[in-house]
Amino acid sequence: YEDKTEAMAFDREDSDTHNGMFGMERADWIALQDFEEIKGDGKLSPEIREQLFMKSSHDTYAIYQLKDGDETRDYRFEGLERLQKSGFSVEHEHYELVYTATLTDFNENKAAALEHIYEQFNLNHLADFKGHTLSVSDIVALKVGGTVSSHYVDSIGFSELPQFLEQTPLMPDDFLVGERID
């Protein structure tokens, strides 16, 4: 308000009759900016989006799902133990990054964060999420306090995969000088 006080708008009438400025909390604004940076404009390659996820200075998460095709058919919806008993291993190249976002309301409990993400991507899909519901064989990567961890959605709960994401340079080093890189 003009006298520099603030109040919460609880319904449409509060907004319609208000003659001051609207705003949001600083932490929410920063989280929104981080989310937009990570998400990009939808034209970034999965590799660049992955690097933005890895380089983010805020707590974030990423969802990986198996690529379509015959080479991943035997991996789909298999629990980690059964997959390994069949002689298969979880390889980064079999997956594609389908979603990244800022991890909000994180209370330093990875298990709770993973369960929240699982619930959100099964019951309350976000409008910009284009993948299928979070299922066994998908991977959720968390970046918390600068540390990245990857978690296989298993038959029951999650299994950590320490080597799934390894940091790689943002710019490839096998291009000729002057070659355009998109």
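# Briefing: strands, cores and aromatic pairs

Of the 182 residues in the chain, 34% are buried. The model is predicted. Its chain holds five helices and five strands. Along the sequence they follow the pattern α-α-α-β-α-β-α-β-β-β. Strand β1 has seven buried residues out of seven, and this strand gives the largest share of the largest nonpolar core.

**Confidence**

- The mean pLDDT of the chain is 80. A value of 70 or more is reached by 81% of the residues.
- Among the elements, helix α2 (residues 26-39) has the lowest mean pLDDT, at 68.
- Strand β5 (residues 158-160) has the highest, at 94.

**Surface and contacts**

- The chain exposes about 12,400 Å². Carbon and sulfur atoms supply 49% of that area.
- Take the contacts between residues at least 6 apart in sequence: 64% of them join residues at least 24 apart.

**Strand β1 and its partners**

- Seven of the seven residues of β1 are buried, so the strand is largely enclosed by the rest of the structure.
- In a regular strand, side chains alternate between the two faces of the sheet.
- Thr60, Ala62, Tyr64 and Leu66 point one way from β1. Tyr61, Ile63 and Gln65 point the other way. Both sets are buried.
- β1 pairs with β2 in the antiparallel sense, over seven bridges. Leu66 has Tyr95 as its bridge partner in β2.
- β1 also pairs with strand β3 (residues 139-144). This pairing is antiparallel too, and it runs over five bridges. Here the bridge partner of Ala62 is Ala141 in β3.

**Nonpolar cores**

- The largest nonpolar core has 17 residues. Tyr64, Val90, Tyr95, Ile139, Tyr152 and Phe164 touch the most other members.
- Five elements are listed as giving two or more residues to this core: α3 (46-55), β1, α4, β2 and β3.
- β1 supplies the largest share, three residues.
- A second, separate core has 16 residues. Tyr61, Ala113, Leu134 and Val140 are among them.
- Tyr64 and Tyr61 point opposite ways from β1. Tyr64 belongs to the largest core, whereas Tyr61 belongs to the second.

**Aromatic pairs**

- The count of aromatic pairs is seven.
- One of them joins Tyr75 and Phe88. The ring centres are 4.9 Å apart and the planes meet at 55°, a tilted arrangement.
- This pair links distant parts of the chain, 13 residues apart. Tyr75 sits in the loop between β1 (60-66) and α4 (80-85). Phe88 sits in the loop between α4 and β2 (95-102).
- Tyr75 has a relative accessible area of 8%, so Tyr75 is buried. Phe88 has 27%, so Phe88 counts as partly exposed.
- Tyr118 and Phe158 form another pair, with ring centres 6.3 Å apart. Their planes stand at 90°, so the pair is edge-to-face.
- This pair also links distant parts of the chain, 40 residues apart. Tyr118 is in helix α5 (residues 110-123), and Phe158 is in strand β5.
- Tyr118 is partly exposed, at 33% relative accessible area. Phe158 is partly exposed as well, at 21%.

**The Tyr61, Tyr99 and Phe121 cluster**

- Tyr61, Tyr99 and Phe121 form one aromatic cluster.
- Leu126 touches each of these three residues, and Gln120 too, leaving aside residues up to four places away in sequence.
- Leu126 lies in the loop between α5 and β3. Its relative accessible area is 26%, so Leu126 is partly exposed.
- Gln120 is in helix α5. At 18% relative accessibility, below the 20% cut-off, Gln120 counts as buried.
- Gln120 touches Tyr61, His125 and Leu126, again leaving aside residues up to four places away in sequence.
- Tyr61 is thus a shared contact: Leu126 touches Tyr61, and Gln120 touches Tyr61.

Technical notes. Residues are numbered from 1 along each chain as its sequence is written. Side-chain values use heavy atoms; hydrogens and water are left out. pLDDT is the predictor's confidence in each residue, from 0 to 100. Helices (H or I, at least four residues) and strands (E, at least two) are DSSP runs, numbered from the N terminus. Rings of Phe, Tyr and Trp (its six-membered ring) pair if their centres lie within 6.5 Å; planes under 30 degrees apart count as stacked, over 60 as edge-to-face and the rest as tilted. Buried means under 20% relative accessible area, exposed over 50%, partly exposed in between (1.4 Å probe, protein chains only). Two strands pair if DSSP finds at least two bridges between them. A nonpolar core is a set of buried Ala, Val, Leu, Ile, Met, Phe, Trp, Tyr and Cys residues joined through side-chain atoms within 4.5 Å. Contact means heavy atoms within 4.5 Å. Accessible areas come from the Shrake-Rupley method with a 1.4 Å probe; for residues, only the protein chains shown count as cover.
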